[in-house]
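I opened a fresh page for this chain today. Here is what I looked up, in the order I went through it.

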Amino acid sequence: SGKVTAQDEPIIGATVVAIHEPSGTRYGTVTNISGQFNLQGMRTGGLQVEVSYVGYQTAIYKGVNLSLGEVYTLNVVLK
């Protein structure tokens, strides 16, 4: 879960894709009216998270590790 912002404003409708690196399984969602997103039921282990929105540079986070039952928070600022 987390929040996507740019210039201190929430980004509505930004695409968030998490790729489970060992298996290639992809999970995706978009941000809501307050710029927040939530992905549930993901596999444990290493993930790559990509956040994109038209007109902004795609933010890529590699090596995000999830443990069973863990809530991982990723707040993103797009440029």
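**Burial, fold and core**

I began with burial: 34% of the 79 residues of the chain count as buried, meaning under 20% relative accessible area with a 1.4 Å probe and only protein chains considered. I kept in mind that this is a predicted model, where local features need pLDDT of at least 70, side-chain atom pairs count only at pLDDT 80 or more, and totals for chains, interfaces and linings use all residues. I also noted that residues are numbered from 1 along each chain as its sequence is written, and that side-chain values use heavy atoms, with hydrogens and water left out.

Next I checked the secondary structure and found zero helices and eight strands, strands being DSSP runs of E with at least two residues, and helices runs of H or I with at least four, numbered from the N terminus. The radius of gyration, taken over C-alpha atoms, is 12 Å, close to the 12 Å from the globule rule (2.2 Å times the number of residues to the power 0.38), so the chain is as compact as a globular protein of 79 residues.

Then I turned to the largest nonpolar core (buried Ala, Val, Leu, Ile, Met, Phe, Trp, Tyr and Cys joined through side-chain atoms within 4.5 Å), and it has 18 residues. Val4, Val16, Val49, Val51, Val76 and Leu78 have the most contacts inside this core. Strands S1 (2-6), S3 (15-20), S6 (45-52) and S7 (59-66) each supply at least two of its residues.

I followed Val49 further: leaving aside neighbours within four places in sequence, Val49 is in contact (heavy atoms within 4.5 Å) with Val16, Val17, Ala18, Ala59, Ile60, Tyr61, Val64 and Leu74.

Conventions: Buried means under 20% relative accessible area, exposed over 50%, partly exposed in between (1.4 Å probe, protein chains only).
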